[in-house]
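Open the model in a viewer and keep the selection panel at hand. The stops below go chain by chain, each with something to select and a note of what is there.

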Amino acid sequence: MDSKAVGNEIQKIAGELFRDDKIDVFIGFERATVPLKSRPCFIGKDEDGRIENLVWDSFCTNNLAAFLQKYFENEPNRRKKREKPYPRIGVSVKGCDTRSVVALVKERQVIRENVVLVGIPCQGMIDRRKVQEKVGTAEIVSHRETDDGTLEITTTDGKTRTFKKEEIMQSACIDCRYPMPEGTDFLLEGEAKEPGDGGYGQIEAFEKKPLEERWAYFEKEMSKCIRCNACRQACPTCWCKECFADHTDLKWIGVGNHISDAMIFQIIRVFHQAGRCVECDACYNACPMGIDLRFLTKKIVKDVDELFQYVPDFDVESTPPLATFSEQDKDTFITDPEKG
Amino acid sequence: MSAEAKNPYIPYPVTIEDITIENDARDLKTFKLVFEKPEHKKAFSYLPGQFAEVSVLGMGESPFGIASSPTEEDYLLFTVKLTGTVTQELHNSEPGRKIGVRGPLGNTFPWDRMEGKNILIVSGGFAFTTLRSSIVYMLDKKNRDRFGKITALYGARSPGELMYKEALKEWQEDSGIDLTLTVDREPEVPWDGKVGLVPNVLRELKPSADNTLALVCGPPIMIRFTIPALQELGFTEENIILSLENRMKCGIGKCGRCNVGSKYVCIDGPVFTFAELEELPAEY
Amino acid sequence: MKDGVISKQDFPQFLNHLKKNAKVFAPVVTNGEAGFKEWSEEDSVEFSYSNLKLSPKGLFFPQTETILSFDAGSVEEVPSHEEKMVVFGSRPCDSRALTFLDKIFSEENKGYNDPYYMNRRENAVMISLACSDPCRTCFCSSLGSGPADEAGSDIVCFDLGDKLYLKAVTEKGELTIKDAGKVLSPGDESVRKDAEKQTAEALESMNNLEADLPSVKKNMDDSFDDPVWDRLTRNCIGCGACTYLCPTCYCFDISDEERMYKGKRIRTWDSCQYASFTKHASGHNPRKNKKERLRQRFMHKLSYTVENQGEVFCVGCGRCITQCPVNIDIREIITTFAEK
């Protein structure tokens with residue numbers, strides 16, 4: 001897929017939406033100031049000039065649904081009904097972004113009628129950590145994506161290296177079952193990558209390992225955590241006004257980086273994502289310490305899928321499992337915990 | 001020098017000697033604290049306007065304006081409103097309990113400038129604490145001559161919410177201070193004070209701005225309407241003195257939390273003139 | 001002796017000698033990432049990094065530390081930190097950052113001395129590693145510093161390939177070199193010239209923002225309520241990663257942890273980017289929007305600290321730029337206000 005053409009199409013649609021007064025803000029992506037990254041681009045009504053900054057490439061990794069919730073929130077303890085109308089937001093979305101929007105709509109955090117979704121068939125995003133690993137400590141100074149799916153990078157020593165996309169794709173994208181957005185207001189032409197299988201095999205392989213090995217891995221990853229909360233902030237479905245981790249009355253966990261505090265924080269955060277996590281890798285990308293957070297999130301996605309036959313997909317009508325009860329719900333985790 | 005004095009994070013051990021309930025709603029209590037060690041009492045030398053961090057080991061710390069005057073030599077007084085975990089623990093305490101105090105912290109009311117001046121005190125709600133300290137200090141026989149006319153206006157939502165009721169009665173009899181009390185609305189109980197919001201009653205009283213400094217402490221909304229009233233009466237920005245509150249932890253200018261612009265409420269304040277505040281962003 | 005030379009191969013002998021009287025911290029690769037670790041003979045010191053993920057500030061101001069321990073309402077123990085430390089491998093920007101933190105934690109700051117930080121600092125010898133190959137995201141030279149800046153160092157070490165040249169900057173550094181005796185050979189003119197050449201080339205390779213810092217401060221002070229801040233801060237997701245990685249950020253929280261009346265009061269890193277940072281118990285929050293909080297970060301670093309400590313609290317290490325998930329770039333902030 002020609003990413004320049006996609007970028008132009010997004011610019012065209014954004015321009016039309018502003019001209020027809022359908023939106024007040026457009027959120028897309030623009031070039032970043034560092035290589036191997038594109039950054040969110042906000043365009044307001046009187047900022048037409050910025051439309052030409054909109055791009056699309058394999059570095060548009062951020063889940064833009066994370067920015068939507070704040071446009072629709074009411075002040076806490078607000079007694080009067082809101083007088084100003086809610087803004088209308090146009091946003092370019094991949095499959096995972098769309099599913100996060102759907103999850104937020106179900107939780108009444110986003111008003112679907114006020115959002116214009118511009119769906120883009122996703123070819124998968126590149127994980128810049130994987131690229132860096134391949135070049136070791138050398139500094140990458142520029143990159144160039146070719147239309148046949150390779151990435152050319154140049155390091156400070158002047159050397160150029162080429163990688164096939166499959167080698168450096170984000171793990172979340174390799175496993176992704178929903179690369180083609182559905183239910184969006186616009187859908188650009190083009191093909192998405194082949195859907196993955198969800199990657200549950202990795203979890204099953206891990207679960208076969210002995211308990212000590214699994215615990216050692218968990219400890220190793222959690223010992224890196226500096227409790228910066230970047231994972232929580234980057235996640236589109238972590239929107240609680242006051243996170244459980246910040247409560248002082250009752251105080252659930254400490255705020256330091258004792259490993260037990262870090263472990264419990266991650267465990268509870270992941271459990272709170274049950275039925276909501278779309279595995280967009282936003283947490284993994286935001287984490288400054290490079291902790292393998294996607295492993296934990298994948299486990300919860302797998303469990304919810306197997307226990308409740310539910311994965312947060314594009315269906316706005318389906319009820320999230322934690323918001324309902326069905327007689328088919330398994331309770332063997334109570335009656336026979338060893339079997340689960 | 002004791003270990004506590006060298007390390008500003010270590011609280012002095014104190015015992016709660018007495019607890020007084022200040023208001024009808026029973027969510028304001030005054031704690032009388034006594035130092036366990038005489039050298040700590042000596043080190044805790046303060047002037048009205050300052051605050052201290054009251055420490056409940058196991059729960060945390062909270063900053064409170066010092067309500068006692070340094071002329072009340074044997075104890076410290078803090079009036080605490082029930083709002084969160086530390087204050088709840090304090091409110092659930094009994095006399096005899098050991099807690100901690102770190103301080104004195106912050107700057108004082110500008111006593112150097114106040115020498116020889118008339119003093120106008122305007123206050124509302126439970127911000128009156130450091131002003132109680134100031135009034136007791138000024139009315140003390142040793143100090144009264146240093147100041148001119150002392151006028152005070154203190155308001156609360158209702159008569160039951162006024163604090164320090166015994167002291168208020170004494171001051172109304174004291175010729176050294178002209179005290180007016182007001183409540184927001186006509187109360188259900190017999191009341192011979194004024195009725196009306198503090199800024200409006202202030203306009204009614206028309207205190208003179210001549211050679212006068214105004215000390216103003218109250219909830220943000222009261223301050224917002226009181227300052228224009230004072231300016232109408234002729235008070236300049238340097239002569240309006242305010243005490244700010246912000247969320248604090250260390251109280252010694254290191255944790256970075258309480259800043260308003262480039263000034264830290266815990267070390268550059270909490271006392272600021274209105275002129276100083278005009279230079280700062282409204283982040284308080 | 002003002003300087004010394006040692007081959008990289010023999011370098012562990014120098015560290016071993018230092019280890020006799022102090023804990024030695026040096027960059028070692030753990031779990032695939034280079035970081036400061038307490039060095040022992042099995043560890044191989046890493047030299048090939050541009051900069052470490054976490055700065056050495058954590059050695060003096062740990063993420064979590066005990067202020068006091070208590071039992072039944074009385075203070076039991078107050079930790080004091082008298083153990084001697086040698087920190088090898090801090091980049092000049094990070095060592096310089098420590099001198100800024102000194103201004104906050106020492107008596108210089110309104111007469112209050114923070115013994116936890118200051119004791120560690122007074123008992124430490126800093127051996128910085130001068131830069132030969134700055135990153136594109138490094139901009140120390142735009143802030144009055146450079147690849148071999150001596151601020152905060154007792155000794156500056158130059159990596160000349162197969163050998164290391166150690167140059168004493170303070171009396172403590174001189175004593176340390178003198179003490180090493182025969183382990184180090186004396187420096188000579190050619191080694192000094194090589195070091196100078198390396199520094200000059202490194203400096204040459206860096207882009208300079210050409211920003212007049214006093215003008216930046218003035219323009220920022222004048223633009224506090226300017227709508228430019230809406231534009232500069234709307235990408236921010238409030239993750240706080242910038243503040244945790246920043247070598248000059250020092251905001252902290254104090255909380256108590258107890259069990260059955262026994263416990264400790266701890267100090268932990270905190271961030272002005274969190275919503276609850278300034279929230280009053282009444283619920284009032286002076287900085288309730290992300291824009292206000294992000295503005296605070298930049299005002300603090302580029303304006304308030306200049307007024308209070310006489311320094312711009314940024315050393316140009318570039319960590320925030322590399323890690324920010326939405327590519328908010330402090331260099332853009334500086335140039336925006338330089339031009340206004």
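## Starting point: a strand pair in chain C

In E3(C), C:Lys37 is the bridge partner of C:Ala26. The model is a predicted one.

Now widen the selection to the two whole strands. E2(C) is joined to strand E3 (residues 33-38) of chain C by 6 bridges, and the two strands run antiparallel. Look next at the turn: E2(C) and E3(C) make a hairpin with 2 residues between them, and C:Asn31 in that turn has a positive phi of about 55°.

Which strand runs parallel to strand E2 (residues 23-30) of chain C? Select strand E6 (residues 85-90) of chain C, which is joined to E2(C) by 3 bridges. For one pair to label, take C:Val24, whose bridge partner in E6(C) is C:Val86.

## The four-stranded sheet of chain C

Stay in chain C and select E5, E4, E11 and E10. In that order they form an open sheet of 4 strands with antiparallel pairing. Strand E5 (74-77) and strand E10 (252-259) of chain C are the edge strands, each pairing on one side only. On average, neighbouring strands of this sheet are turned by 35° against each other, direction ignored.

At one edge, E10(C) and strand E11 (residues 262-269) of chain C run antiparallel and are joined by 8 bridges. A pair to display here is C:Arg259 with C:Lys262, its bridge partner in E11(C).

## The two domains of chain C

Colour chain C by domain: the assignment gives domain 1 (3-205) and domain 2 (213-339). How far apart are the C-alpha centres of domain 1 of chain C and domain 2 of chain C? They lie 26 Å apart.

The contact between these domains takes 31 residues of domain 1 of chain C and 26 residues of domain 2 of chain C. On the side of domain 1 of chain C, strand E4 (64-71) and helix H3 (92-105) of chain C each supply at least two residues. That side, sorted by class, has 16 nonpolar, 9 polar and 6 charged residues.

## The sheet of chain A and its helices

Move to chain A and select E2, E1, E3, E4 and E8. These 5 strands form an open sheet in the order E2-E1-E3-E4-E8, and the pairing is mixed. The edge strands are E2 and strand E8 (186-187) of chain A, each of which pairs on one side only.

Inside the sheet, strand E1 (residues 25-31) of chain A and strand E3 (residues 89-93) of chain A run parallel, with 3 bridges between them. One of the pairs to label is A:Phe26 with its bridge partner in E3(A), A:Gly90.

Add the helices. Helix H2 (residues 95-106) of chain A packs on the sheet and touches E3 and E4 of chain A; its direction makes about 155° with that of E4(A). Helix H1 (residues 3-19) of chain A lies across E1, E2, E3, strand E4 (115-119) and E8 of chain A, and runs at about 155° to E1(A).

## A helix pair in chain A

Two packed helices are described by the angle between their axes and the distance between the axes. Select helix H9 (residues 259-272) of chain A and helix H11 (residues 293-308) of chain A: they pack at an angle of about 40°, with their axes 9 Å apart. H9(A) and H11(A) are therefore oblique to each other. The crossing of H9(A) past H11(A) is right-handed.

Show side chains at the contact. From H9(A), A:Gln266, A:Val270 and A:Phe271 meet A:Leu296, A:Thr297 and A:Ile300 in H11(A). This contact has 4 nonpolar, 2 polar and no charged residues.

## The domains of chain A

Colour chain A by its division into domain 1 (3-74 + 86-127 + 169-335) and domain 2 (128-168). Taken over C-alpha atoms, the centres of domain 1 of chain A and domain 2 of chain A are separated by 25 Å. In the contact are 11 residues of domain 1 of chain A and 13 residues of domain 2 of chain A.

## Last stop: chain A against chain C

Show chains A and C together. How many residues does the contact take from each chain? Chain A gives 29 residues and chain C gives 33 residues. On the side of chain A, the elements giving two or more residues are strand E2 (38-44), helix H8 (230-234) and helix H10 (282-286) of chain A. By class, that side has 13 nonpolar, 10 polar and 6 charged residues.

Notes: Residues numbered from 1 in each chain as written. Chains lettered and ligands numbered in written order. Predicted model: local features only at pLDDT ≥ 70, side-chain atom pairs only at ≥ 80, totals over all residues. Contact = placed C-beta atoms within 7 Å. Nonpolar A, V, L, I, M, F, W, Y, C, P; charged D, E, K, R; others polar. Axes fitted to C-alpha atoms, helices over the stretch in contact; angles between N-to-C directions. Parallel < 35°, antiparallel > 145°, perpendicular 65-115°, else oblique. Left-handed = near helix turned anticlockwise from the far one by under 90°. Domains from an automatic or database assignment. Pairing = 2+ DSSP bridges.
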